[in-house]
Amino acid sequence: MPSPTVPVAIQQADVVANTVENLHIEKRTRDVLDGVNLDRNDIRQQPFVRDAEWSYAWNKVVNPATSRLDQRVLLVVAPSSYGSTTFALQLLARHTGTHIDLVKLDADWTAPKVGRLPLVDRRAFQLDLKDPDRDRPSADFVSALDRHSQDLKACDSYLVITVAEELYDHKLLLPGPNVEVVRLHAPPPARQVVEAHLRARDCVGLIPYLDVLDPARVSLDGLDAVEAVRAAGTVITAWQEYERTTLTTIAVTDPHMVASDHELAGRVTDALSDWRDKLDNLFGETATVHGGKDMSLTFDDRCLLLSLAARQSSPLPDIAQSARTLQETVTSADPGHTALGSGAQTVFAGRGLRRRVIDVGGSVDSHDAVAFDRPGYGQAVLTYVWDNYEVMRRPLLQWLVRDGGSSAAEYSVDAVSTLILRHGGAEHFSLLGSVTRGAKSDLLPAVMLRAVRDEHIGRRAWGTLYRWAGTQEFAGSVVSICQRVLNDQTANASMAKMAMVRLRRVVHASPADDTRNAVLKVFTELSARPDGIERLAEEVQAWQDAKTSSRAGALAFLALMSTPQEPLPHLLTHGESLGIDVDRALGDLLGDMNTAPDVIPRLSSWIATSATDESAYDEVVARLVPLLRGHRMFQASMDLMQALKDVRTATGESAGADFYQHLVDKRLRPLISIEGTEDPA
């Protein structure tokens with residue numbers, strides 16, 4: 001999103017207020033909400049279903065004569081997952097002028113404040129308020145929107161805010177006449193949403209398979225909008241898995257397809273089924289005799305089923321070991337009770353492992369390779385246990401962390417993401433953090449990266465990372481997660497900004513050298529990319545404006561010192577255009593004994609790179625020598641000369657000796673001598 005206009009300082013606003021048509025006083029430029037520009041045509045082409053109720057709400061807020069929104073601020077109130085964000089974006093894309101840019105805002109705040117809403121000409125902003133911990137609108141916020149609506153009208157801009165129904169108190173929150181409120185009482189029909197998304201993904205040939213779903217196990221009725229979109233993805237995944245495992249080709253792009261493949265129809269039913277009836281039997285009262293498929297599983301077999309559900313396929317010994325690890329994890333979580341796992345005699349007297357695998361739905365080939373080619377069922381097993389056995393949540397996560405290994409196997413990341421992102425409450429993130437804290441595993445960063453990308457719980461994930469960034473125990477994990485976001489080419493500018501904010505908080509809160517060095521490494525990686533240079537420059541600007549932590553700003557400057565140069569240092573040639581006072585920054589860092597050791601190697605690298613180009617070298621010397629003659633620069637100058645003693649200029653002279661000549665007064669040279677820099681006189 002373009003930056004707000006440069007603020008204008010007005011000492012006596014009342015003198016001019018009546019002489020201009022639109023007076024916009026903006027005191028801040030850095031703390032307004034950021035956002036992402038959206039393409040109007042892309043939004044209009046996305047799947048969108050509008051039934052009678054949605055059409056009624058739609059027509060209520062659109063002026064039929066102008067085909068524009070009646071008010072400049074609109075509140076769309078609906079239960080979570082009903083599709084209110086889609087409603088809002090489609091409304092803006094279809095009923096604002098084409099000269100207006102669409103921007104989706106990210107509410108990176110602790111509470112809604114009208115003062116943080118951007119006020120820019122010709123913009124249509126969309127904002128979600130759905131996090132119960134950070135987005136609950138106050139009466140003052142809703143009241144202030146009335147004035148904000150008038151300011152937006154003067155700018156020819158719009159704002160549509162979606163508010164989760166559970167956060168909106170209709171008795172307390174009374175908007176003014178310039179704010180319109182519309183409520184969505186139901187999501188769009190799930191079947192229509194599924195069909196629309198299948199068409200959008202060029203899989204119209206799969207729509208007939210929705211007509212042959214087993215009605216006893218699957219019903220699309222009652223799904224909310226988010227569940228319906230996921231159902232469409234599930235159908236496509238089931239088809240892809242079917243083609244992969246059977247080498248069968250289904251012409252899914254053919255709009256005249258009929259549901260002729262019975263096995264695919266069964267797989268789609270399996271994938272969409274929640275399996276609760278079957279799982280109620282399997283996880284009922286423990287049975288001692290296995291007389292049929294509907295008998296409840298023993299504790300051992302429940303662990304085996306979970307192992308299959310998470311892994312899907314593995315060698316038989318690995319499945320057995322994984323199940324045994326889960327048993328140990330569960331029993332160790334409750335040391336005051338007798339272990340529930342069966343002893344060796346009981347196990348040997350019962351069914352063999354192959355028979356048990358088959359009984360819980362897997363298959364074993366002649367080479368003892370286990371396959372559990374039932375991704376929908378496997379996910380249902382995991383979520384069933386998660387939802388119905390609260391005491392199993394911690395050991396289940398502990399097991400998945402251990403079972404996935406230090407490199408976080410994809411199946412473990414998939415399984416944990418399925419569980420954590422299922423509801424996305426703050427307590428689930430806290431549980432995940434406590435389980436993975438101190439574990440030598442990449443699982444936490446991998447799962448949190450998926451969480452911050454999720455449009456429904458991303459805000460809560462970012463909020464969790466902000467809290468973690470203020471603690472020493474999670475500092476390393478936050479740095480790793482933010483590093484992945486910043487290196488993700490698909491991450492938008494808003495996500496990158498939130499990652500930078502959390503890295504800044506980590507540096508400010510954690511004095512540990514390893515944490516500081518980890519952040520510097522991330523910043524140095526950024527310095528190799530144009531967009532990264534801009535982000536680092538903003539951090540340095542904020543530091544020099546005394547608006548943010550000096551630690552983060554200093555690290556950003558150090559990282560920019562590593563930007564490739566040829567032959568002059570990038571900061572010396574581009575510092576002014578980046579808005580950075582390079583001389584001031586170098587003076588501050590060199591004059592501090594805590595930061596000077598970080599600057600010296602980078603300065604010596606600047607000089608060494610330019611040393612073979614006489615003109616570039618002279619320019620670097622002319623820039624640095626006045627700085628090094630400043631107050632508190634004696635030790636830094638001595639260290640730099642020592643670092644340069646082996647660097648040769650174009651004339652063959654030692655760069656260290658050259659700086660010695662420039663920096664050390666002749667009268668002091670008998671007292672100050674550095675190896676290789678003695679006064680030739």
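Begin by selecting Ser 363, which stands opposite Ala 371 in strand β11. The model on the screen is a predicted one.

**The sheet of three strands**

Extend the selection from Ser 363 to the strands around it. Strand β10 and strand β11 (residues 369–371) run antiparallel and are joined by two bridges. Next, add β9 to the view. The three strands form an open sheet with antiparallel pairing, in the order β9-β11-β10. At the edges are β9 (313–315) and β10 (363–364), each of which pairs on one side only.

Now select residues 316–332, which form helix α11. Helix α11 lies across β9 and β11, and its direction is at about 105° to β9.

**The sheet of six strands**

Move to the other sheet. In what order do its six strands lie? Reading across this open sheet, the order is β1-β5-β6-β7-β4-β8, and the pairing is mixed. Select 34–38 for β1 and 179–183 for β8: these strands stand at the edges with a single partner strand each, so one side of each has no neighbour in the sheet. From one strand to the next, the twist averages 25°.

Within this sheet, select residues 123–129 and residues 158–164. These are strands β6 and β7, which pair in the parallel sense over six bridges. For a single pair, select Asp 128 and find its bridge partner in β7, Thr 162.

Helix α5 can be added by selecting residues 139–154. This helix packs on the sheet, where it touches β4, β6, β7 and β8, and its direction makes about 160° with that of β7. Then select residues 52–61 for helix α3, which lies across β4 (73–78) and β8. The angle of α3 to β8 is about 170°.

**Helices α17 and α19**

The next stop is a pair of helices. Two packed helices are described by the angle between their axes and by the distance between those axes. Select residues 426–436 for α17 and residues 458–469 for α19; their axes come within 10 Å and cross at roughly 45°. This angle makes α17 oblique to α19. The crossing of α17 past α19 is right-handed.

Which residues of α17 meet α19? They are Ala 426, Phe 429 and Gly 433, and on the side of α19 they meet Arg 460, Ala 461, Thr 464, Arg 467 and Trp 468. Sorted by class, this contact of α17 with α19 has four nonpolar, two polar and two charged residues.

Stay with α17 and colour its buried residues: His 428, Phe 429, Leu 431, Leu 432, Gly 433, Val 435 and Thr 436. Just after α17, select Gly 438, which takes a positive phi of about 85°.

**Helices α21 and α24**

For the final stop, select residues 493–509 for helix α21 and residues 550–560 for helix α24. The axes of α21 and α24 come within 8 Å and cross at roughly 115°. The two helices are therefore roughly perpendicular to each other. Helix α21 passes α24 in a right-handed crossing.

Show the side chains where these helices meet. Helix α21 contributes Arg 504, Val 507 and His 508 to the contact, while α24 contributes Arg 551, Ala 552 and Leu 555. By class, the contact of α21 with α24 consists of three nonpolar, one polar and two charged residues.

Technical notes: Residues are numbered from 1 along each chain as its sequence is written. This is a predicted model: local features need pLDDT of at least 70, side-chain atom pairs count only at pLDDT 80 or more; totals for chains, interfaces and linings use all residues. Side-chain values use heavy atoms; hydrogens and water are left out. Two strands pair if DSSP finds at least two bridges between them. Helices (H or I, at least four residues) and strands (E, at least two) are DSSP runs, numbered from the N terminus. Axes are lines fitted to C-alpha atoms, for helices over the stretch in contact, and angles run from 0 to 180 degrees between N-to-C directions. Contact means heavy atoms within 4.5 Å. Angles under 35 degrees count as roughly parallel, over 145 as roughly antiparallel, 65 to 115 as roughly perpendicular and the rest as oblique. A crossing is left-handed if the near helix is turned anticlockwise from the far one by less than a right angle, and right-handed if clockwise. Ala, Val, Leu, Ile, Met, Phe, Trp, Tyr, Cys and Pro count as nonpolar, Asp, Glu, Lys and Arg as charged, and the others, Gly among them, as polar. Buried means under 20% relative accessible area, exposed over 50%, partly exposed in between (1.4 Å probe, protein chains only).
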